Amino acid sequence: MIDSEEMKKRILSVLEEAGNDDANPLLNTVIDPTGDPLEPEIFEMSLRELFSEGLIEMGMVSIPRGREALTSEEGLTEIGKLSAHYKFDAREGIWLDSRYGGPPYSQIPQPEVVLTDAGTKKSFEIVNQFGNDWWRPKL
């Protein structure tokens, strides 16, 4: 099982290129989901640590409202809601946030993880040291 330090490195590495990503697909990218209930809990803990270290901020994103920044308090509250809403879809082999469905898709604001300037610097360091997707088998 992945620990929070490894999860944090993976999160920063994945965010390095775009600078932001919706929380749910980010979880499914930084691990190979197995359905173990600890996966979303470790993800939530890792996000909380990155947030407290000033490496990420949280926002909300949807089609009708676009991107919205959250205050520090709102960001921590949103992080704290994540693992309770993730349900494993065994057929697809991914975690889904039970609050969001569709169609229509992307109408309800969803949590977004955004790198800060310090997070961007740290993400470059991680990618330079380990490379992209180092945890994935090379084909």
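Visitor: How many cavities of 30 Å³ or more does a search of the whole structure find?

Guide: Here's the general idea to start with: rolling a probe the size of a water molecule over the atoms shows where empty space is left. Keep in mind that we're looking at a predicted model. In this one, the search turns up one cavity of 30 Å³ or more. The largest cavity has a volume of about 30 Å³.

Visitor: Which residues line the largest cavity?

Guide: Try finding them in the picture: Asp 22, Ala 23, Asn 24, Pro 25, Tyr 86, Asp 97, Tyr 100, Gln 110 and Pro 111. Two elements give two or more residues to that lining, helix H2 (23-30) and strand S6 (110-115). H2 supplies the largest share, three residues. Sorted by class, the lining has five nonpolar, two polar and two charged residues.

Visitor: And what is the volume of the largest pocket?

Guide: That one comes to about 250 Å³. Its lining is made up of Asp 22, Asn 24, Pro 25, Asp 97, Tyr 100, Gly 101, Pro 104, Tyr 105, Ser 106, Gln 107, Ile 108 and Gln 110. By class, you get five nonpolar, five polar and two charged residues around the pocket.

Visitor: Okay, now helices. At what angle do the axes of helix H1 and helix H5 cross?

Guide: General idea again: two packed helices are described by the angle between their axes and the distance between the axes. Here, H1 (residues 4-18) and H5 (residues 117-130) have axes that cross at roughly 100 degrees and come within 8 Å. An angle from 65 to 115 degrees counts as roughly perpendicular, so H1 is roughly perpendicular to H5.

Visitor: Which residues meet where H1 touches H5?

Guide: On the H1 side, look for Lys 9, Leu 12, Ser 13 and Glu 16. In H5, they meet Gly 119, Lys 122, Ser 123, Phe 124, Ile 126, Val 127 and Phe 130. This contact has five nonpolar, three polar and three charged residues.

Visitor: Let's zoom out. How many helices and strands does the chain have?

Guide: Five helices and six strands. Follow the sequence along and you'll read the pattern α-β-α-α-β-β-α-β-β-β-α.

Visitor: What does the radius of gyration tell us about the chain?

Guide: You compare it with what a compact globule would have. For 139 residues that would be near 14 Å, and the chain has 14 Å, so the two agree. As for its extent, the C-alpha trace spans about 40 × 35 × 25 Å along its principal axes.

Technical notes: Residues are numbered from 1 along each chain as its sequence is written. This is a predicted model: local features need pLDDT of at least 70, side-chain atom pairs count only at pLDDT 80 or more; totals for chains, interfaces and linings use all residues. Side-chain values use heavy atoms; hydrogens and water are left out. Axes are lines fitted to C-alpha atoms, for helices over the stretch in contact, and angles run from 0 to 180 degrees between N-to-C directions. Helices (H or I, at least four residues) and strands (E, at least two) are DSSP runs, numbered from the N terminus. Angles under 35 degrees count as roughly parallel, over 145 as roughly antiparallel, 65 to 115 as roughly perpendicular and the rest as oblique. Contact means heavy atoms within 4.5 Å. Ala, Val, Leu, Ile, Met, Phe, Trp, Tyr, Cys and Pro count as nonpolar, Asp, Glu, Lys and Arg as charged, and the others, Gly among them, as polar. On a 1 Å grid over the protein atoms alone, a cavity is a set of points where a 1.4 Å probe fits but cannot get out, and a pocket is an open set with protein on both sides within 12 Å along at least five of seven lines; lining residues have an atom within 4 Å of a point. Grid points are joined across faces, edges and corners, and a volume is the space filled by probe spheres set on the points. The radius of gyration is taken over C-alpha atoms; the globule rule is 2.2 Å times the number of residues to the power 0.38.
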